[in-house]
Structures are given as C-alpha cells and as structure tokens.
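Dear colleague,

I am passing on the structure we spoke about, and it is placed just below. My notes on it follow, and I would be glad if you read them with the structure open.

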Amino acid sequence: MVQGVLIEDGCLINRNPATGELIEKVCCTKLEEVPTLVQTAQRAQKEWFEEFSLEERIGSLKKGCAALECCLEELSSTITKEMGKPLAESVEEVEDACGMDSYLDLIKKANEDEAAGLKNIIVRDPHGVVVILAPWNFPCGEIIL
C-alpha cells in the first residue's frame with residue numbers, strides 16, 4: 001500500500017472512496033522503463049520548443065484547456081467517483097481548468113525574451129524535462145503542470 005492506495009500485481013487499485021467499488025486497475029511504471037520515458041519526453045520537449053513559437057505553444061495549451069468544456073459532465077463525474085468530492089466541487093474544478101487563459105498569459109509573459117538595458121536581452125530557453133511529484137487533490141488543475 002502506498003499512501004492508502006492498494007497495489008496488487010504491479011497495479012494501483014483505484015476504488016471509489018464512498019462505496020469501495022473497484023473503478024479500475026492502473027498499471028504502475030516499472031523502474032527500468034523510466035529512462036526510456038524520460039528520453040522520449042526530452043525529445044518531445046525539444047521538438048515542441050524548436051518547432052513552435054512561444055505564442056503557438058501557449059495557444060495550444062489554451063485550446064486544450066478550452067476543449068475540456070465538452071467533457072465537463074464526464075470529467076466532473078469521474079473526479080467525484082474517484083476522489084469522493086461533492087459533484088458541485090468537481091464541476092467547479094473542471095470549469096476552472098477550462099478557463100486558464102489568464103494563467104497561461106502569465107506563463108507566456110514569464111517566458112518571453114526581455115530587454116535588459118540597451119544592449120542586452122535575457123533569453124529564456126527550457127532546461128529540459130522535470131518530474132513533478134504533487135498531490136492529486138485537483139486533477140484538472142494539474143493539467144498545466
């Protein structure tokens with residue numbers, strides 16, 4: 001068991017906390033698979049940065065967040081079933097994730113090149129892939145991470 005989640009045969013056992021009903025078995029990543037996954041993510045990140053401008057990348061993220069709206073009911077229901085949240089809170093969480101434009105605008109601004117005096121420019125290039133270990137209390141809010 002890891003933080004109250006049962007693991008059987010290399011799978012997390014996803015249960016409805018209100019009923020105990022089995023929702024799904026989710027396979028855990030094997031340790032030996034991690035280097036390949038990191039390399040794949042590094043290649044994808046490099047291509048994403050080289051092939052698309054900052055404006056295009058932010059635009060894609062905005063479209064992705066907005067696209068969640070068509071799945072609002074299904075996503076809200078899943079969050080409630082898997083986490084035991086009241087449905088109203090789940091709906092609010094999905095709605096918040098659909099409207100991330102102002103947050104993404106801040107990310108864009110923070111990553112734009114910046115003049116520093118008359119002859120210098122601060123250029124922000126990615127450093128690579130990171131792993132984020134975060135609580136999953138707000139799964140839709142984690143999408144942007």
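Two strands are taken to pair if DSSP finds at least two bridges between them. Please keep in mind throughout that this is a predicted model.

With that definition, strand 1 (residues 7-8) and strand 2 (residues 11-15) run antiparallel and are joined by 2 bridges, and Ile7 stands opposite Leu12 in strand 2. These strands form a hairpin with 2 residues between them, and Asp9 in the turn has a positive phi of about 50°. Strand 2 is also joined to strand 3 by 5 bridges, again in an antiparallel arrangement, with Asn14 having Glu24 as its bridge partner in strand 3. The hairpin of strand 2 and strand 3 has 6 residues between the strands, and Gly20 there takes a positive phi near 80°.

On the surface, Val5, Ile7, Leu12 and Val26 make a nonpolar patch of about 240 Å². Val26 lies in strand 3 (residues 22-27); Val26 can count towards this patch because its relative accessible area is 35%, and patch residues need over 30%.

Turning to the interior, the largest nonpolar core has 7 residues, namely Leu68, Leu72, Ile79, Val94, Ala97, Cys98 and Cys140. Helix 3 (72-83) and helix 4 (87-98) each supply at least two residues of this core, and helix 4 gives the most, with 3 residues. Leaving aside residues up to four places away in sequence, Leu72 touches Val91, Val94 and Glu95. Apart from this core lies another, of 6 residues, including Cys65, Met100, Leu104 and Ile144.

With best wishes

Conventions:
Residues are numbered from 1 along each chain as its sequence is written. This is a predicted model: local features need pLDDT of at least 70, side-chain atom pairs count only at pLDDT 80 or more; totals for chains, interfaces and linings use all residues. Side-chain values use heavy atoms; hydrogens and water are left out. Patches are made of residues with over 30% relative accessible area and no salt bridge: like charges are joined within 9 Å, nonpolar side chains (Val, Leu, Ile, Met, Phe, Trp, Tyr) within 5 Å. Accessible areas come from the Shrake-Rupley method with a 1.4 Å probe; for residues, only the protein chains shown count as cover. A salt bridge is a side-chain nitrogen of Lys or Arg within 4 Å of a carboxyl oxygen of Asp or Glu. Helices (H or I, at least four residues) and strands (E, at least two) are DSSP runs, numbered from the N terminus. Buried means under 20% relative accessible area, exposed over 50%, partly exposed in between (1.4 Å probe, protein chains only). A nonpolar core is a set of buried Ala, Val, Leu, Ile, Met, Phe, Trp, Tyr and Cys residues joined through side-chain atoms within 4.5 Å. Contact means heavy atoms within 4.5 Å.
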